[in-house]
Amino acid sequence: MQPIQAFLTSRRMPIRLVRLYLGLFAYGLAISLILRAGLGGSPWDVFGQGLARTLGLTFGTSTIAISLAVLFLWIPLRQRPGWGTLSNAALIGFFADAGLSWLPPATQLPIWAPAAQGLFLAAGLILLAFASALYIGAGLGPGPRDGLMTGLVARTGWPVWVVRSAIELSVTAIGWMLGGTVGVGTAVFAFAIGPLIQVAVRVLRVELSQRVRGRKVPEVAAVSAGAAR
């Protein structure tokens, strides 16, 4: 147990980088599990699906393109990406495509389809929560989408929940109009992922504050739906 705790709490940069890339890999795999459940993805993944179908791209390529576009929106918001931010933008889509190539749709498994879909969705949500906790614990920069949210909060003065809800409702609607899948999984994601990430943060002993000149400053919106995005 001691080596595991040391790995999860170490502030040494090589170990933080391992946590970062392990978290990104697990996040991409979690997305693929949720999509293979066929019950609807997260808001941003609905957008990614819709854009992929419209432009004839893979889901992962679409996700990377969206991440890069979101990063351009950081410029007028005066947000600064970290190494984790750039790695997130470049790799989650790649890992999601890898997972989608490995995993069959849940409905093709030789068991009752609704049970398989529920298992895929539950496994994806749990894995995504722990992947987010690993990513947050690395402390190397917010995901592109979370940075967009915090930048808009800082510039507009609106509450976090208003900005986040407006963004996610918008991308869900656009993704659905482009052909993305919205379903019960989308609703389950919205209500379940925040509490699941909080549990994962406690289990992995993730530090949610950083020290600035000797005092602790909470990280803005560190635990929120899709915190690694």
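# Briefing: Ring Contacts, Salt Bridges and Surface Features

The charged end of Arg145 is placed over the ring of Trp44, at 5.1 Å from the ring's centre. This structure is a predicted model. The points below cover aromatic rings, salt bridges, a nonpolar patch on the surface and the surroundings of two further residues.

**Aromatic rings**

- A pair of aromatic rings is described by two quantities, the distance of the centres and the angle of the planes.
- The model contains four aromatic pairs.
- One of them joins Phe25 and Phe95 in an edge-to-face arrangement, with 5.4 Å from centre to centre and 80 degrees between the planes.
- Phe25 belongs to helix α2 (residues 13-37) and Phe95 to helix α5 (residues 83-102), so this pair ties together parts of the chain that are 70 residues apart in sequence.
- Phe25 is partly exposed, at 31% relative accessibility, whereas Phe95 is buried, at 17%.
- Phe25 also pairs with Trp102; this pair is tilted, with 6.5 Å between the centres and 55 degrees between the planes.
- The pair of Phe25 and Trp102 again links distant parts of the chain, since Phe25 is in helix α2 and Trp102 in helix α5, 77 residues apart.
- Trp102 is exposed, with a relative accessibility of 56%.
- Through ring pairs, Phe25, Phe94, Phe95 and Trp102 are linked into a cluster.

**Salt bridges**

- Two salt bridges are counted in the model.
- In one, Arg164 is joined to Asp146, and the closest N and O atoms are 2.6 Å apart.
- Arg164 is part of helix α8 and Asp146 is part of helix α7 (residues 144-156), so the bridge ties together parts that are 18 residues apart in sequence.
- Arg164 and Asp146 are both buried.
- A salt bridge is also formed between the side chains of Arg164 and Glu168, at 3.1 Å from N to O.
- Arg164 and Glu168 are both in helix α8, where they are four residues apart, or about one turn of the helix.
- Arg164 has a relative accessible area of 12%, and Glu168 has one of 15%; because buried residues are those under 20%, Glu168 counts as buried.
- Asp146, Arg164 and Glu168 are thus linked in a network of salt bridges.

**Nonpolar surface patch**

- Ile174, Trp176, Met177, Leu178 and Val182 make up a nonpolar patch of about 500 Å² on the surface.
- Trp176, one of these residues, is located in helix α8 (residues 160-177).
- The relative accessible area of Trp176 is 57%, and the residue is exposed.

**Surroundings of Thr172 and Arg53**

- Thr172 lies in helix α8 and is buried, at 15% relative accessibility.
- When residues up to four places away in sequence are not counted, Thr172 touches Pro43, Val46 and Val182.
- Val182 is also one of the residues of the nonpolar patch.
- Arg53 is found in helix α3 (residues 43-55) and is exposed, at 52% relative accessibility.
- With residues up to four places away in sequence again left out, Arg53 touches Leu178, Gly179, Gly180 and Thr181.
- Leu178, which Arg53 touches, is likewise a member of the nonpolar patch.
- From C-alpha to C-alpha, Arg53 and Phe95 are 19 Å apart in space, and they are 42 residues apart in sequence.

Conventions: Residues are numbered from 1 along each chain as its sequence is written. Side-chain values use heavy atoms; hydrogens and water are left out. Rings of Phe, Tyr and Trp (its six-membered ring) pair if their centres lie within 6.5 Å; planes under 30 degrees apart count as stacked, over 60 as edge-to-face and the rest as tilted. Helices (H or I, at least four residues) and strands (E, at least two) are DSSP runs, numbered from the N terminus. Buried means under 20% relative accessible area, exposed over 50%, partly exposed in between (1.4 Å probe, protein chains only). A charge sits over a ring if NZ of Lys or CZ of Arg is within 6 Å of the ring centre and within 35 degrees of the ring normal. Patches are made of residues with over 30% relative accessible area and no salt bridge: like charges are joined within 9 Å, nonpolar side chains (Val, Leu, Ile, Met, Phe, Trp, Tyr) within 5 Å. Accessible areas come from the Shrake-Rupley method with a 1.4 Å probe; for residues, only the protein chains shown count as cover. A salt bridge is a side-chain nitrogen of Lys or Arg within 4 Å of a carboxyl oxygen of Asp or Glu. Contact means heavy atoms within 4.5 Å.
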